[in-house]
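User: Please take a close look at a single part of this structure and explain it in plain terms.

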Amino acid sequence: WVVSKIVIEETKLIYIGHGGGVYKKMGYKKNRLNRDQKHLDKLYGQYSYVIATTNNYDDEIQQNYNLKNNQIVHYGIPRVDDLFKPIPRRSNDRELILLAPSYLDNSGIRIINIDIKRIVNIAKGQDKDIVLLCHPDLKSNNAIDKFRSIVDIVDRKDYIDILLRADILITDISSIMFDFSCTGKPII
């Protein structure tokens with residue numbers, strides 16, 4: 001965000017976001033009516049190119065980043081591209097539910113706003129496995145410690161593997177939903 005505001009002659013600025021980066025920005029786009037070009041450049045940056053996975057959102061990317069069509073490059077986003085590999089088989093036939101809380105309260109602190117104990121009880125009653133993948137900020141403020149005894153907590157280094165293995169995702173506002181949607185599996 002900061003780098004995109006700096007004008008450096010003869011330098012190209014390329015936006016390569018994580019799986020949800022471009023799409024989140026489009027989802028929360030600002031109304032651009034009655035704003036001059038200088039103000040738009042300050043607000044939205046001056047990217048030379050935006051990397052995208054698909055051309056399905058070219059119109060929105062052009063509008064949000066103030067770009068021409070030839071400034072969108074369809075190379076894919078590395079983390080998302082990994083989701084299009086064969087799905088690893090699990091050793092059992094039980095469905096796997098992935099919980100991914102990421103809620104921000106009014107003070108900007110990340111908290112768990114999902115009733116994890118209730119979901120764990122429901123999943124166990126239906127003979128389903130359940131794992132918890134938390135936002136890094138949740139890990140740092142010890143918000144997940146009280147759940148360690150009732151649910152397996154997945155390490156973020158296994159991010160792609162767990163997204164491929166999970167049968168369903170339950171989340172609140174986590175951008176993991178953008179990555180998980182590539183699998184075509186249900187999201188709550």
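Analyst: Strand 7, residues 129–132, pairs with strand 8 in the parallel sense over two bridges. The model is predicted, so local features need pLDDT of at least 70 and side-chain atom pairs count only at pLDDT 80 or more, while totals for chains, interfaces and linings use all residues. Residues are numbered from 1 along each chain as its sequence is written, and side-chain values use heavy atoms, with hydrogens and water left out.

Two terms are needed at once. Strands are DSSP runs of E with at least two residues, helices are runs of H or I with at least four, and both are numbered from the N terminus. Two strands pair if DSSP finds at least two bridges between them.

Across the pairing of these two strands, Leu 132 faces Ile 153 of strand 8. Strands 7 and 8 belong to an open sheet of four strands, which has the order 8-7-4-9 and parallel pairing. Strand 8 (152–153) and strand 9 (168–171) are the edge strands; each has a single partner strand, so one side of each is left without a neighbour in the sheet.

Strand 4 also has a place in this order. With strand 7, strand 4 forms a parallel pair over four bridges. Leu 99 has Leu 132 of strand 7 as its bridge partner, and Leu 132 is also the residue that stands opposite Ile 153. Strand 4 pairs with strand 9 as well, again in the parallel sense and over four bridges; here Ile 97 is matched with Ile 168 in strand 9.

How many residues of strand 4 are buried? Five of the five are, so strand 4 is largely enclosed by the rest of the structure. Buried means under 20% relative accessible area, exposed means over 50%, and partly exposed is in between, using a 1.4 Å probe and protein chains only. In a regular strand, side chains alternate between the two faces of the sheet. Strand 4 has buried residues on both faces: Leu 96, Leu 98 and Ala 100 are on one side, and Ile 97 and Leu 99 are on the other.

Helix 5, made of residues 116–125, lies across strand 4 (96–100), strand 7 and strand 9. Helix 5 runs at about 155° to strand 7. Such angles run from 0 to 180 degrees between N-to-C directions, and the axes are lines fitted to C-alpha atoms, for helices over the stretch in contact.

The loops beside these elements come next. Ser 102 sits in the loop between strand 4 and strand 5 (103–104). Its relative accessibility is 4%, so Ser 102 counts as buried. Apart from neighbours within four places in sequence, Ser 102 is in contact (heavy atoms within 4.5 Å) with Arg 110, Ile 111, His 135, Leu 138, Asp 172, Ile 173 and Ser 174.

Asp 115 is found in the loop between strand 6 (110–111) and helix 5. Asp 115 has a relative accessibility of 46% and therefore counts as partly exposed. Asp 115 and Pro 101 are 14 residues apart along the chain, and their C-alpha atoms are separated by 9.9 Å.

To return to the sheet, its order is 8-7-4-9. Strand 4 pairs with strand 7 and with strand 9, and all five of its residues are buried.
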